[in-house]
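Thanks for sharing this one. Here are a few friendly notes on its cysteines, in numbered points.

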Amino acid sequence: MQLAFGFALSLWFGFAFGNGFFSEETISAFNFGLENEIFNEQVISSFSVMDYGATGNGQIDDSQAFNKAWKDICNANAGGETVTLEIPRGKTFLLNPLVFQGPCKAKAIRIQLGGTLIAPLSTSWANEGVDTWIQFSNVDNLYLDGDGKIDGRGSIWWQSCMKKSVYGIFFDCKRRPGALHFNNCNGLQLKGLTHLNSPRAHISIKNCKDVIVSDLKISAPDESPNTDGIDISDSTSVQILQSIIATGDDCVAINAGSSFINITGVVCGPGHGISIGSLGDGGAYDTVEQVHVKNCTLRDTQNGVRIKTFQGCSGYARKISFEKIVLSNARNPIIINQFYQDKGKFSKGIMKAGAIEISDVTYSDIRGTSANDQAIDLRCDNVVGCRNIVMRNIDITPGVDCPKTYTVCNNAHGTATETQPRVPCLYRYGDRTVTWRGATREGVVPGGGVARLGGVALARRRYIHAGVTRARGKAGSVVALEADPSC
């Protein structure tokens, strides 16, 4: 009965409209009502922080307005559509530490940042145990894009840290907050933003998968301590694309638990280069695999492409490639350091048993200039060593400060073809390490060069490179290599 009535009513309205039974004013009002209903449905999926009382003058704390807006967009039911939060251009929003918590009802959330977010000019809020300024947690399909800025205003933190570091106090330095942290945010996308002057790391990504980061600009002074560009940990399927990163520490750091990480088209420098690690801190079991760095440029960096691990740990770093890398005045262009020590932690310098197993690492099509003479440094663990290191088509020439470059190896196994400088110190498959015996011995090192070793039984190690005049050390210690003083 109701179905029949509804059908008849719709026929009558159609007939009435078609035969002029209603005036134009009535029809117009009716159409406006329909359009308004449609518009209201669209408004449900779009929000602005200005509607929640944000001032955007850079002076008044807008944290409460952002919290209210997040509560609404996270709980919005947009019928499968993306919910959008607008942070408008031309506005500056002062924010205290915020946590945007999920999970959310919306299928996807987009935050369009056109304005500027600024942190408080104070270090006091870290006393509350806060280690991140802005954090997103358990929010899937989050899109954060726009041409706006996120400014951590970290200079007051750096100054405090530097003063305390002079007196050997590092604890407070470690308490500096990062600027932007994502935890368990799958399907995350970051695009187009500018990140400035974080007190510590600018962006950290943890426990996430299927992440795309692209077209970012990240900047902090080269002397700002520990201001990593992007830190990745315990995450998989992460892409870092077409971004410019210039900071006081690693441009990108790939930490424990990370896999299937692709870094392409990144311009890095100044900074500490692109790093895997550090791994194995405190004797941990750490793993990293399937990391691929391609078509990147490193300018005036402290390191180029680096793998760094502590001693006395376990785990692996494997299936890693660095391909088509351009170097411009980069110090330590290629480095594996399995004797890494954190300068911010007290260490007695005692060698410990156990190490991360590094294997299947490929360096190919790497060219440019080195700012120091030791262009390739493969210092692998004395016992575990590094396996299947492949080097091909490498051309690293000296910079203006040194007339030549050379290579240093320790217990590294693999192959090298068409490399400059030469890498004769890689063990080929089936080779054994050289054992030196005797209290003090001078011998010809296979592959060229003369080495002097003091102490007893320097077992299972081999050092070969052009330009080394002496190698000094004793059993159970790392041998220090001394370069030709003319370089």
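1. A disulfide joins C380 to C386, with 2.0 Å from S to S; the term here covers a pair of cysteine sulfur atoms within 2.5 Å. The angle about this S-S bond is -110°, a left-handed link. Both C380 and C386 are buried, meaning under 20% relative accessible area (exposed is over 50%, partly exposed in between; 1.4 Å probe, protein chains only).

2. A word on the basis: this is a predicted model, where local features need pLDDT of at least 70 and side-chain atom pairs count only at pLDDT 80 or more, while totals for chains, interfaces and linings use all residues. Residues are numbered from 1 along each chain as its sequence is written, and side-chain values use heavy atoms, with hydrogens and water left out.

3. The structure has four disulfides. Among them is the bond of C409 and C425, with sulfur atoms 1.9 Å apart and a right-handed link at 45°. This pair ties distant parts of the chain, 16 residues apart: C409 sits in strand β31 (residues 406–410), and C425 in the loop between β32 (412–420) and β33 (440–444). Strands (E, at least two residues) are DSSP runs numbered from the N terminus, as are helices (H or I, at least four).

4. Another of the four pairs C251 with C268, at 2.1 Å between sulfurs. The link is right-handed, with 80° about the S-S bond. C251 is buried at 0% relative accessibility, and C268 is buried at 0% too.

5. Why is C296 unbonded to C268? The sulfur of C296 lies 8.4 Å from that of C268, its closest cysteine sulfur, which is too far for a bond.
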